[in-house]
Amino acid sequence: MLGLSAATMGALALAACNGNGGEASNGGEAASDHAGTLVASTSGLEGKFCPLFTASAADQDVVSFNNIALLATDRMAEPIYNGIEGETKEYNGTEYTYTGPANIEMVENADGTVNYNIQLRDDLKFHDGSNMTVDDIIFTFYSYFDPTYDGSATLYSNDIQGLAEYRSGMATLASLIGNAGRENTDFTYFTQEQQDAFWAAVDDGGTKFAQEIVDYVNDPANGVVEEGSDPLSVADAAANWGYSDLPADATATTFFEAIAANYDWNFSLMEAETAGTALSELIPEDVYNMGTQGVETGEAAPNVAGIVKVDDYNMSVVTNGVDATMIYQLSIAPCSMKYYGDESLYDYENNSFGFNKGDLSKARGLNGQPMGSGAFKFDDYTSGTVHMSANEEYYKGAPKTQHLNLVESQEADMVTGVQAGTLDISQPSYSMEVEGQIKEINGNDSVNGDVITTFLHDYRGYGYLAISANKVNVAGDPASDASKALRKAICTLISPFRASGIASYYGDTASVLNYPISTSSWASPNETDPGYAECYSTDASGNPLYTQGMSDDERIEAAKAGALTWFEAAGYTVADGMLTAAPEGAKLEYQCNIGGGGQGDHPTFMILQEAKNAFSEIGMNFIVNDIANASDLFASYQSGEAEMWCAAWQSTADPDMYQLYHSQGSTNYYCINDADLDELIEAGRQTLETESRKAIYKEAMDIILDWGVELPVYQRSECTLVSSERVNIDSVVQDQTPYWTWKDEIEKLELK
């Protein structure tokens, strides 16, 4: 459902879902400048174009055009097992044939293990003309498996035979030095000189890095301290940033050490905390690289037993048991071992896989210079534009368009850019305002006309409001019943404002959501399912708050009354319908961050503003913090600083919940830690039976809602605007779905 697999085609991305969806834009290119070039909008480019390390949705698009996915899927995200021969499947009354680069056979063995037998096409070529073989796939797998791998994919979490044994016995140099401490005298794994250089960098650049966070928190413009008030101490600023255990006399240096310990001294991952200058610019390169430099510390298996080469075009992946998510992990983009690794270091029989174990530096260094085997070759990334050229040897056929440009574009330019000719394709956030704008441009009261053609389908994610269990709790115990009651009180009072807020922003192209899953997923509960209920619609005693036929005002009054019962259950003092005192560790004031571009341009903004008034009426100050820059919003919750925030998930094909909700999930920003939930998430991976998995995930979602860490808000439509004047509309993918869009048949797109 909501997790990053190793897949580069359709992995989860975090989106602010705001009106200023990207960073700086050059507004597209002049219409006369792109003859023979298809120009599409994008936003949020980070420049991580190596499939191994890509993260943002925009970068993943670049990767998908530049590479192929080993596993192909259809319009409903179901695997295509016979990719070489192709499979024909019906969708919406039409038969479509899907092909892929491989045949994949899944075999359950008598001993409980599962074989994924892969047969690769023998005519695939990388952009440098070299043939793709199983060796490239094995190199890619081992890159993901490396103990120093720090990308966003979680392929290493799958129970592949021998994987745990291979990943053991190694730690990063930075973690060894950092965890040993300043007084260390044991130089078994590193030298005195390395230790001295490390701590010198911490004291200099690391201190500056942490001080910039302190300065950021103390800047009145960021909504933490008021203009003219005394600045917060380092300890208090750190607590606001999510590091609440520092001593009162903490310095910027000790703050940095706390941040570093949280990331096990991986300096690259620490960039998520950046409040000013990137850490890579503040500490020497050799020290920065220690964060991903592997050092052997004990025994480890020489290989992963479950990765088995048969010949140049056949191999197997063997897991220790059934794992429903594993098939989707095979949608990796095979990386060229010769390009991203070292051909001289590849010797399968002698357990050498294209790089020295613990050293992925070459692949990391090529993030900005990718080379794949997809429909388009990467040329460069300059001035906010990725330039790509057609791959004449693409296995599905040479693209009809010779060049493809992906241009960083502001939300405000998405419609007018197509109208003016600076963009051929764009994907604005669809709203009533956008719909009206398109109709006016077409001049025919339709979203399809001589200027713009619109393709609509459900978004494969959803908008939500999140609450950090670590920041919003009672007595410092995020898992207590009182803490859950506090968060449920907040969600209960916001909930009734969703319908009118979403209708005013999206009209009838979006709907209110009651479970933390996109309705585009097969695991989404239906209203006719047993146990289906409107979320946060009862009081603390379990009594329903709403009755059929209630007016909006009546629902709001019922929600206020219900919220007060939850606040009381949390330990708040309530008198005459007002909150008068908060329990230990809780407050009468909370803040929700939202990325409305500083102008309230966000589908949830009106909801929060109306809820703010309702909170005020019961004695709580609910602060709506509209953040202008999307990256600042991301940083606020990724760092653990935010109490609450609004964003949107983009879902993967499988409804696996591990990454977001498991206690060990890499993006569990809610800080939910529940053994029963972990067990359900793991159980959902261990069966292939769809109905069983659906029941498991429904139970898991009930636990998530009981924690009160997420209020599902809306399921919206996603639109693609195509220039009717410059693009042959008949060449655009028909019957688009959340899992099959214009990007999936990019090679067929034709310019007029």
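**Exercises on a predicted model**

D380 has H387 in strand 16 as its bridge partner. The model used in these exercises is predicted.

**Exercise 1.** Place strand 16 among its neighbouring strands, and decide whether it is enclosed or open.

Solution.
1. Strand 15 (residues 376–382) runs antiparallel to strand 16, and six bridges join them.
2. These two strands make a hairpin with two residues between them. In that turn, S383 has a positive phi of about 50 degrees.
3. Strand 17 (residues 403–408) is also antiparallel to strand 16, joined to it by five bridges. Here V386 has L406 as its bridge partner.
4. Of the six residues in strand 16 (residues 385–390), five are buried, so the strand is largely enclosed by the rest of the structure.

**Exercise 2.** Classify the ring pair F209 and F256 as stacked, tilted or edge-to-face.

Solution.
1. The model holds 38 aromatic pairs.
2. For F209 and F256, the ring centres are 6.0 Å apart and the planes stand at 85 degrees.
3. Angles over 60 degrees count as edge-to-face, so this pair is edge-to-face.
4. The pair links distant parts of the chain, 47 residues apart: F209 belongs to helix 5 (residues 192–218) and F256 to helix 7 (residues 252–262).
5. F209 is buried at 1% relative accessible area, and F256 is buried at 1%.

**Exercise 3.** Do the classification for Y515 and Y532.

Solution.
1. The centres lie 5.2 Å apart with the planes at 55 degrees, so the pair is tilted.
2. Y515 is buried at 4% relative accessibility, whereas Y532 is partly exposed at 25%.

Terms used
Residues are numbered from 1 along each chain as its sequence is written. This is a predicted model: local features need pLDDT of at least 70, side-chain atom pairs count only at pLDDT 80 or more; totals for chains, interfaces and linings use all residues. Side-chain values use heavy atoms; hydrogens and water are left out. Buried means under 20% relative accessible area, exposed over 50%, partly exposed in between (1.4 Å probe, protein chains only). Helices (H or I, at least four residues) and strands (E, at least two) are DSSP runs, numbered from the N terminus. Two strands pair if DSSP finds at least two bridges between them. Rings of Phe, Tyr and Trp (its six-membered ring) pair if their centres lie within 6.5 Å; planes under 30 degrees apart count as stacked, over 60 as edge-to-face and the rest as tilted.
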